[in-house]
Amino acid sequence: MSAPHTDVEQVEAANTAFYEAMERGDFEELSSLWLTPADLGVDEEYHDPADSGVVSCVHPGWPVLTGRGEVLRSYALIMANTDYIQFFLTDVHVSVTGDTALVTCTENILSGGPAPEEGAELGPLVGQLVVATNVFRRTSSGWKLWSHHASPVLAESEDDEGEAGDTGVNGVNPDGGPLA
């Protein structure tokens with residue numbers, strides 16, 4: 001077993017590789033980063049892969065996806081319909097216990113779709129803030145993704161301030177005065 005600081009560095013590298021593969025649209029690389037039944041010593045010929053080490057994924061606004069095939073199909077769909085995506089990760093925290101690692105982070109996502117007009121490079125860029133939890137499992141070939149769960153962060157708009165009632169927003173009354 002490797003030293004704890006080395007484990008954290010290896011998990012951070014695996015987490016970074018996941019997001020970089022998404023940015024490049026490299027489906028083969030992304031697929032190689034997810035846990036397989038073989039990583040768990042399960043012979044797929046005699047066991048249903050869904051019975052062992054089921055991988056799962058929740059994309060923002062999607063239902064839970066289970067099983068390696070279903071998860072990878074979702075990424076293929078996302079990659080096929082996203083011309084540009086870039087992740088700026090913040091608030092990254094890694095925790096390793098034995099052969100399991102948990103990464104929490106904020107995904108600051110910048111993405112663009114197809115160009116609205118012929119000859120244009122990209123459609124409008126859209127920003128999104130998402131919090132994510134990535135669970136990794138140690139295998140003989142390194143740390144592999146076991147589960148990815150991402151949820152959108154709801155940002156307050158200026159219009160929301162007037163709807164806060166008497167309690168105010170961030171400790172301020174809607175009329176701008178101090179709370180009673």
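So, salt bridges: this structure holds four of them. Keep in mind as we go that we're looking at a predicted model.

Let me start with D7 and R138. These two form a salt bridge, and the closest N and O atoms are 3.0 Å apart. What I like here is where the partners sit. D7 is in helix α1, residues 4-24, while R138 is in strand β5, residues 125-139, so the pair links distant parts of the chain, 131 residues apart. Is D7 buried or exposed? Its relative accessibility is 4%, and the cut-off for buried is under 20%, so D7 counts as buried.

Stay on R138 for a second, up in strand β5. Its side chain makes a polar contact with the side chain of D7 at 3.0 Å. The R138 side chain also reaches a backbone oxygen, the one of G98, at 2.8 Å.

Next pair: D39 and K144. Their side chains meet in a salt bridge, 3.5 Å from N to O. Here again distant parts of the chain are linked: D39 is in the loop between α2 (27-32) and β1 (56-58), K144 is in strand β6, and they are 105 residues apart. On accessibility, D39 counts as partly exposed because it comes out at 21%, whereas K144, at 11%, counts as buried. And going back to R138, there's a network: salt bridges that share partners join D7, D99 and R138.

Then there's D26 with R24. Those side chains meet in a salt bridge too, at 3.8 Å from N to O. R24 has a relative accessible area of 53%, so R24 is exposed. D26 is at 27%, so that one is partly exposed.

Okay, zooming out to the fold. The protein has four helices and six strands. From the N terminus on, the order reads α-α-β-β-α-β-β-β-β-α. Of the 180 residues, 32% are buried. If you take contacts between residues at least 6 apart in sequence, 49% of them join residues at least 24 apart. The accessible surface comes to about 10700 Å², and carbon and sulfur atoms account for 52% of that.

Now the inside. In soluble globular proteins, nonpolar side chains tend to be buried together. In this model, the largest nonpolar core has 32 residues, and the ones with the most contacts inside it are F18, L30, W34, Y75 and F136. Which elements give two or more residues to this core? They are α1, α3 (68-80), β3 (84-97), β4 (100-112), β5 and β6. Helix α1 gives the most, with seven residues. That's the helix with D7 in it, the R138 partner from earlier.

If you want one residue to click on in the core, I'd pick Y75. Leaving out residues up to four places away in sequence, Y75 touches F18, M22, F27, L30, W34, C57, H59 and H148. Notice that F18, L30 and W34 turn up in that list, and they are also among the core residues with the most contacts.

Over to a loop now. T82 is in the one between α3 and β3. What does T82 touch, not counting residues up to four places away in sequence? The answer is S111 and G112. T82 and S111 are 29 residues apart in sequence, and in space their C-alphas are 7.3 Å apart. The T82 side chain also has a polar atom 2.8 Å from the backbone oxygen of I78. With a relative accessible area of 24%, T82 is partly exposed, because buried would mean under 20%.

Last stop, the surface. L129, V131 and V153 form a nonpolar patch there, with about 200 Å² of accessible area together. V153 is in the loop between β6 (142-152) and α4 (158-161). At 33% relative accessibility, V153 counts as partly exposed.

To pull it together: we've got four salt bridges, with D7, D99 and R138 joined into one network. Inside, there's a nonpolar core of 32 residues, with α1 giving the most to it. And on the surface, there's the nonpolar patch of L129, V131 and V153.

Terms used:
Residues numbered from 1 in each chain as written. Predicted model: local features only at pLDDT ≥ 70, side-chain atom pairs only at ≥ 80, totals over all residues. Heavy atoms only, no water. Patch = residues over 30% accessible without salt bridge, like charges linked within 9 Å, V, L, I, M, F, W, Y side chains within 5 Å. Areas by Shrake-Rupley, 256 points an atom, 1.4 Å probe, with all protein chains shown as cover. Buried < 20%, exposed > 50% of the residue type's maximum accessible area, 1.4 Å probe, protein only. Polar contact = N/O pair within 3.5 Å; in protein donor to acceptor, adjacent residues only side chain to side chain. Core = buried A, V, L, I, M, F, W, Y, C linked by side-chain atoms within 4.5 Å. Contact = heavy atoms within 4.5 Å.
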